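This report is an introduction for a reader meeting the structure for the first time. It begins with the overall layout and then turns to one helix, to the aromatic pairs, to contacts between distant parts of the sequence, and to the surface.

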Amino acid sequence: MLTLLAKILKVLNSQTSTWQIGWAVALGLFIGILPLGLLTFILLLIVCLFTVNLSIFLVTWGLTKGLMLLFATPLENLTWQLAQNKQLLQLLAEGETLQLLHLHHTLTLGSFVLGLILLVPVAWLSSSLVKQYRAKVMSKVEKWKLTQMLKASKLFSLYQKIQ
């Protein structure tokens, strides 16, 4: 757990593009919301094609999967209202491709719609927060005597060599 936290802090403090981190958070949230299925695997392939930070992506995916244990039932109940539209339900049930993606299931449909709605705002917000962190917090932490002492220690240099 501490190594994972160290990797996240290393990514935040590195010169990695803020948009790579932002899209990693957004795509991790999107895939974490979806139930496991073909749609999840398609989105995983998309993540592999783009340059996103995989450690941030995996952490966000895992945290979102955990939160979905709590929010799956309310999301399904909300989607049930959307699924009462007969034309939409007929379209989702008759299309073979849409059947493979399981969009005729209320939880999958609601998760997909919610993920699409949140994708761009979460990417932008995450990118903005990383920029704020780098501009305000990181520079202050670097000036602390404790941080300078830890970086000067042999333990820190050994830690850097391990990674």
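## Overall layout

Read along the sequence, the chain follows the pattern α-α-α-α-α-α-α-α-α, which amounts to nine helices and zero strands. The model is a predicted one, and the descriptions below should be read with that in mind. Of the 163 residues in the chain, 34% are buried.

## Helix α2

Helix α2 covers residues 18-33, and its 16 residues reach 23 Å from the first C-alpha to the last, which is close to the 22 Å expected at 1.5 Å a residue. At its N-terminal end the helix is capped by Ser-17, a side-chain oxygen of which lies 3.2 Å from the backbone nitrogen of Trp-19.

Most of α2 is covered, since twelve of its 16 residues are buried. Among the buried residues of this helix are Thr-18, Ile-21, Ala-24, Val-25, Leu-27 and Ile-31, and two further members of the buried set, Gly-22 and Phe-30, return in the sections that follow.

## Aromatic pairs

How many aromatic pairs does the chain contain? The count comes to two aromatic pairs. In one of them, the rings of Phe-30 and Phe-112 have their centres 5.8 Å apart and their planes at 35 degrees, so the pair is classed as tilted, an angle under 30 degrees being needed for stacked and one over 60 for edge-to-face. Because Phe-30 lies in helix α2 and Phe-112 in helix α7 (residues 106-143), this pair ties together parts that are 82 residues apart in sequence. Phe-30 has a relative accessibility of 4% and therefore counts as buried.

The other pair, formed by Phe-57 and Trp-61, is also tilted, with 5.7 Å from centre to centre and 40 degrees between the planes. Both of these residues lie in helix α4 (residues 54-82), where they are four residues apart, about one turn of the helix. Phe-57 counts as buried, because its relative accessibility is 2%.

## Contacts between distant parts of the sequence

Gly-22, which lies in helix α2, is buried with a relative accessible area of 0%. The residue is 104 residues away from Ser-126 in sequence, yet the two are 4.6 Å apart in space, C-alpha to C-alpha. Helix α2 also supplies Val-25, one of its buried residues, and the C-alpha atoms of Val-25 and Thr-60 are 5.8 Å apart although the two residues are 35 apart in sequence. Thr-60 has its place in helix α4 and counts as buried at 13% relative accessibility, because the cut-off for buried is under 20%.

A further example involves Leu-39, which is found in helix α3. Its C-alpha atom is separated by 5.4 Å from that of Leu-101, a residue 62 residues apart from Leu-39 along the chain. Leu-39 is another buried residue, with a relative accessibility of 9%.

## A nonpolar patch on the surface

Which residues form the nonpolar patch on the surface? The patch is made up of Leu-38, Ile-42, Ile-46, Leu-49, Phe-50 and Leu-100, which together have about 590 Å² of accessible area. Helix α3 (residues 38-49) gives the most to this patch, contributing four residues.

Leu-38, a member of the patch, is found in helix α3. Is Leu-38 buried, partly exposed or exposed? At 39% relative accessibility, Leu-38 counts as partly exposed, because its value falls between the 20% cut-off for buried and the 50% cut-off for exposed. Helix α3 thus includes both Leu-38, which is partly exposed, and Leu-39, which is buried.

Conventions: Residues are numbered from 1 along each chain as its sequence is written. This is a predicted model: local features need pLDDT of at least 70, side-chain atom pairs count only at pLDDT 80 or more; totals for chains, interfaces and linings use all residues. Side-chain values use heavy atoms; hydrogens and water are left out. Patches are made of residues with over 30% relative accessible area and no salt bridge: like charges are joined within 9 Å, nonpolar side chains (Val, Leu, Ile, Met, Phe, Trp, Tyr) within 5 Å. Accessible areas come from the Shrake-Rupley method with a 1.4 Å probe; for residues, only the protein chains shown count as cover. A salt bridge is a side-chain nitrogen of Lys or Arg within 4 Å of a carboxyl oxygen of Asp or Glu. Helices (H or I, at least four residues) and strands (E, at least two) are DSSP runs, numbered from the N terminus. Buried means under 20% relative accessible area, exposed over 50%, partly exposed in between (1.4 Å probe, protein chains only). Rings of Phe, Tyr and Trp (its six-membered ring) pair if their centres lie within 6.5 Å; planes under 30 degrees apart count as stacked, over 60 as edge-to-face and the rest as tilted. The expected span of a helix is 1.5 Å times one less than its number of residues. A polar contact is a pair of N or O atoms within 3.5 Å; within protein, one must be able to donate a hydrogen and the other to accept it, and residues adjacent in sequence count only if both atoms are side-chain atoms.
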